[in-house]
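Visitor: Could you take me through one part of this protein closely, and then set that part against the rest of the chain?

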Amino acid sequence: MIDIIKEYYPLFLKGVSITLLLAVVGTLGGFIIALFLANARMITIDKKRDNLFAKICKYTLKWFASIYINVFRGTPMIVQAMILYYGINMIVRLSWWTPINAGLIIVTLNTAAYIAEILRGNVNATDIGQMEAARSLGFSKRQAMFLIIYPQAIKNALPSIGNEFIVNLKDTAVLSVIGVLDLFNATRQVVGATYDTVTPFVITALIYLVLTGLTSILISKLEKHQKDKRELKHA
């Protein structure tokens, strides 16, 4: 094991860097898209006040967000990667449509569907009295959502978003099917060079354990910090 690490550590390091890049960009990008998806899912249609154009726009947004979330949550990432990467290559040749760029987009789109539901659940769990209080103070519904409700929902959702980051650290291994040189694919190259199947993957398993373990510690500290703040607030 030590000999393999000494000889192939640059390949392992490259795999780790790409895995972290995919997880970080995918989670942050997915979070940004999820804000719009969650908001679209929760749009209310006023049948009396909204005109026909407003009703059509709102129905379309709700329909799109619902279909998007169901499709990306209901299909494996490996299938999404195969369809998007090779499907676009069949339609048009793009110089920038490389495996790594495709992987970043696929992880981002996939993560957005999960985080959108996390945010929606936390918004729905927020005390309805806060919306009523904001409206009584003169806030519009949109202002109340973005200035009062969403900040609280996002803060409460941070541990779950952190767990999604851990999932991305592990699930990005499936992107090796489109040629992304993540940690899993780098390990396969080491296996091909050494003809040793077990040892390189034991090293990779330990690396994954370290990455997910450190992230879990950070999430636990974040949860404890939020719990302490709530207890201090209610004291």
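Guide: In this predicted model, the residue to begin with is Tyr-59, which is partly exposed, its relative accessible area being 47%. That value lies between the 20% under which a residue counts as buried and the 50% over which a residue counts as exposed, and therefore Tyr-59 falls into the class in between. Tyr-59 belongs to helix α2, which covers residues 52-74. Once the neighbours within four places in sequence are set aside, the residues in contact with Tyr-59 are Ile-45 and Lys-47. Looking the other way along the chain, Ile-78 is 19 residues from Tyr-59 in sequence, and the C-alpha atoms of the two are 31 Å apart in space.

To place this residue in its setting, one can turn to the protein as a whole, which has eight helices and zero strands, so that, with helices and strands taken as DSSP runs, the order of elements from the N terminus reads α-α-α-α-α-α-α-α. The C-alpha trace spans about 70 × 55 × 25 Å along its principal axes, and of the 235 residues in the protein, 38% are buried. Among contacts with a separation of 6 or more, 76% are between residues 24 or more positions apart. The accessible surface amounts to about 13800 Å², and carbon and sulfur atoms account for 66% of that area. As for charge, the protein carries 24 positive and 14 negative charges, and the mean positions of these two sets are 10 Å apart.

The interior can be described through its nonpolar cores. The largest of them has 29 residues, and the members that touch the most others are Phe-12, Ile-106, Leu-175 and Ile-178. At least two residues of this core come from each of α1 (2-41), α3 (77-91), α4 (99-125), α6 (141-171), α7 (183-194) and α8 (198-234), with α1 giving the most, namely eight residues. For a closer view of one member, Ile-178 touches Ala-81, Met-82, Tyr-85, Tyr-86, Pro-99, Ala-102, Gly-103 and Ile-106, when residues up to four places away in sequence are not counted. There is also a second, separate core, made of 25 residues, and this one includes Ala-38, Ala-40, Leu-119 and Tyr-150.

Returning to the starting point, Tyr-59 in α2 is thus a partly exposed residue, and its contacts beyond four places in sequence are with Ile-45 and Lys-47.

Key:
Residues numbered from 1 in each chain as written. Predicted model: local features only at pLDDT ≥ 70, side-chain atom pairs only at ≥ 80, totals over all residues. Heavy atoms only, no water. Helix = DSSP H or I, 4+ residues; strand = E, 2+ residues; numbered from the N terminus. Buried < 20%, exposed > 50% of the residue type's maximum accessible area, 1.4 Å probe, protein only. Contact = heavy atoms within 4.5 Å. Areas by Shrake-Rupley, 256 points an atom, 1.4 Å probe, with all protein chains shown as cover. Lys, Arg positive; Asp, Glu negative; His and termini not counted. Charge placed at Lys NZ, Arg CZ, Asp CG, Glu CD. Core = buried A, V, L, I, M, F, W, Y, C linked by side-chain atoms within 4.5 Å.
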